[in-house]
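Here is my note on the model you asked me to look over. Please read it with the structure open.

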Amino acid sequence: MTTSVKLYVYDLSNGMARQLSQQLAGRQIDGIWHTSVVVFGKEVFYGQGINTTLPGRSHASDAHGAPQQVIDMGETALDEAIFEEYVTEMKDHYTADKYHLLDFNCNSFTNDIIGFLTGGSIPDFIKDLPTDFLSTPFGAALRPTIDAMYRRPSPGAPTPPAATAAEAAPNPQLASQLLQAIASQVASSNPAANPATQTLAAPIHAITNPASFNTFLKNHRASVAFFTSATCPPCRVIEPVFERLAEEKGIKADGRGAGFAKIDIDVGLDGKKLDELKGANANELRSQVDLLLYQAFPRTCLHSSPNPTLTFHLAHPHTSLSLPAIQTLSLNPILFTQVPAIDTVLSKLSSFIDSAPWPASTPQTPAQVKQTLIGTVAPYLKARFSGPPSTKPPSATPAILTSWSQATSALSSALPVPSLFPLVDLWRLALLDPVVGFWAASASAPSNPISIFIDKATTALQRPDPSANPRNYLLTILRLLSNAFASPTLAQALFVSARAALAAVVVPSLLHTDGAVRTAAASLAFNVAAFLQKGRVDKVKGAAGNVYEDEEWEVEMVSAVVEALDREVSSEEVVHRLTASLAFLLRLSPEYDSQVSPLLEVLQARDVLKRKLAKGGCGEDGVEKKEVRKLVEEVANKLCP
């Protein structure tokens, strides 16, 4: 047995919109539509919460009068008990304090009801009315006034009067009449609504069926959907963040912003998923929403002046690309956190000190160096990295760092490069302490261990004799430089003052014969590229800060990474990190069209990447992990010409 479903359509303006819209908005608008659903002998509508009455009685006592139209929406096979249960559940979503004339109104509710009962949706001329209205100068001017009716004003801030918006119309007197008529009808439909309620101007839409979801997507230029469940713990953790984002990033008075929706995971939806965020990662959620908004509204005003000229930043072409595999990559650095047996490392370093001739010009004696290492450095490292997890790890003090850096200067001048790797490994561990990273960012070059170790590495790598390029030292310096990116301050300092030196270390290391060295080099390349990418993304989002671009350096890094990818045939882990590095170097590059794209063509980068997927390209059968294959394909097909 089926039941007919009717849509009752009322005009909030009582005919004034039809008469005045052409004069005010420059567009014919036949009505300010209010709708309700009639089914099972009842009229159901949303205003002061969800209300039910006899058909034709919902507005019998106010000025709406009889419905202007009664539209047949088809029939439903659902019984009345199921419908009543659904309406009861919807009362948690469609509350009086969430009502908004433009964004979350009676038509939002009836569209959900129609979708639930029949799988259809209300007519487009009703759904599209807010968009059509707001696209006119009069509608845009009226938006702040309407928003103020449904949001708590800031303390001491007056609600914008209707007359203010009316003045934007060609005929202010007619506009004022129309505004007063609409305000009167809204008040009669929502008699107990509190204008000081703390609701959003662009609320979170409750999606209960595929039809309402399709309408939601159609009506918003950018949409953010939160698939949730009452039994999902991570959902409860991230939900407050999602709600704050809806308030911060929702539709604004100028029409910019995203629509936000909550959808129960049991609601079946069709379509192709392009990207997703799993878990309660608040920072990643914010980043993805910001990128979505930039893609939807790429023409962003940077500044204005007293003159009527605005300067705009035009969107990078990559912002319009769908890059789900790249966007899911973390921008966090790859760190080498393994804690070695500190006493064993010091014993090894002591044996090197004892066996090496000690130049008389060295500022410290071997005994003084050992005393610093054993009496100062070792206790700090053990307490910081090997102490009980229940205790707060101590940070390095200025005294520790000063004495250790002096001992490092002495050792680097007395010992050959192959004997320095234990010392480098101790500093590699120390850089995981934020205090050490901050100190190293400002330490002067003669006593800065990072500067000392980089100079040693670049000198060794320039020598034709392979024995002058010891594997252990190179491995530990690459890991140390990777850990330097644990400190944003130190990472920035390296980009400003040592970018060329970083390239001089990482570029030849990417082609090393030792697999562990290549893995460490690929990790460092990733960290360098991720730091650059983060700056570019922040710039896209309008955040303050510098992006440290260098055309020649970028060309050198892209060339090195592509060559390393071409040669890497054994390690999928290295291919993964190199491909991610290449993605970050290319994406949003200001030199992409002029320099990088032609370079990629010369290097045949697309073919190089695709060979990694074929048999023998990386291992016997090519890249095997699904997520790595997706990344390689995406970089090849979308970022490489």
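**Notes on the predicted model**

1. Start with the buried residues of α15. They are I400, L401, S403, W404, S405, A407, T408, S409, A410, L411, S412 and A414. The model is a predicted one. Twelve of the 17 residues of α15 are buried, so the rest of the structure largely encloses this helix.

2. What covers the buried residues of α15? The cover includes α13 (342–355), α14 (366–385), α16 (421–430), α17 (434–442) and α18 (449–461).

3. The length of α15 also checks out. The helix runs over residues 398–414. Its 17 residues should span 24 Å at 1.5 Å a residue, and the end C-alpha atoms are 24 Å apart, which agrees.

4. Next, the sheet. Five strands form an open sheet in the order β4-β3-β2-β1-β5, and the pairing is antiparallel. The edges are β4 and β5 (69–76). Each has a single partner strand, so one side of each is left without a neighbour in the sheet. From one strand to the next, the twist averages 25 degrees.

5. Look at β3 within that sheet. Five of the six residues of β3 are buried, so β3 is largely enclosed by the rest of the structure. On one side, β3 runs antiparallel to β2, with three bridges joining the two. V37 stands opposite V44 of β3, and V38 stands opposite E43 of β3.

6. β3 also pairs with β4 (residues 49–53). These two strands run antiparallel and are joined by five bridges. F45 has N51 in β4 as its bridge partner. β3 and β4 make a hairpin with one residue between them.

7. The other hairpin deserves a check of its turn. β2 and β3 form a hairpin with two residues between them. F40 sits in this loop, between β2 (33–39) and β3 (42–47). Its phi is positive, near 55 degrees, and F40 is not a glycine. Is F40 buried or exposed? At 18% relative accessibility, F40 counts as buried; the cut-off for buried is under 20%.

8. Compare that with Q604. This residue is not a glycine either, and its phi is positive at about 55 degrees. Q604 lies in the loop between α25 (592–603) and α26 (605–611). With 49% relative accessibility, Q604 counts as partly exposed.

9. Two helices lie across strands of the sheet. Helix α2 (residues 80–90) crosses β2, β3 and β4, and runs at about 10 degrees to β3. Helix α3 (residues 106–118) lies across β1 (3–11), β2, β3, β4 and β5, at about 30 degrees to β2.

10. Now the aromatic rings. How many aromatic pairs does the structure hold? There are 15. One of them joins F226 and F242, with the centres 5.0 Å apart and 40 degrees between the planes, a tilted arrangement. F226 lies in strand β7 (residues 223–228) and F242 in helix α10 (residues 233–249), so the pair ties together parts that are 16 residues apart in sequence. Both rings belong to buried residues: F226 has 9% relative accessibility, and F242 has 2%.

11. A second pair is worth opening. The rings of F495 and F531 have centres 4.8 Å apart and planes at 45 degrees, so this pair is tilted. It links distant parts of the chain, 36 residues apart: F495 is in helix α20 (residues 488–497) and F531 in helix α22 (residues 515–540). F495 is buried, with a relative accessible area of 2%.

12. That pair belongs to a wider group. F485, F495, F531 and W553 are linked into a cluster by ring pairs. An arginine also meets this cluster's tryptophan: R499 lies over the face of W553, 4.9 Å from the ring centre.

13. One more arginine over a ring to look at. R384 lies over the face of F385, at 5.8 Å from the ring centre. The cut-off for that distance is within 6 Å.

Key. Residues are numbered from 1 along each chain as its sequence is written. This is a predicted model: local features need pLDDT of at least 70, side-chain atom pairs count only at pLDDT 80 or more; totals for chains, interfaces and linings use all residues. Side-chain values use heavy atoms; hydrogens and water are left out. Rings of Phe, Tyr and Trp (its six-membered ring) pair if their centres lie within 6.5 Å; planes under 30 degrees apart count as stacked, over 60 as edge-to-face and the rest as tilted. Helices (H or I, at least four residues) and strands (E, at least two) are DSSP runs, numbered from the N terminus. Buried means under 20% relative accessible area, exposed over 50%, partly exposed in between (1.4 Å probe, protein chains only). A charge sits over a ring if NZ of Lys or CZ of Arg is within 6 Å of the ring centre and within 35 degrees of the ring normal. Two strands pair if DSSP finds at least two bridges between them. Axes are lines fitted to C-alpha atoms, for helices over the stretch in contact, and angles run from 0 to 180 degrees between N-to-C directions. Contact means heavy atoms within 4.5 Å. The expected span of a helix is 1.5 Å times one less than its number of residues.
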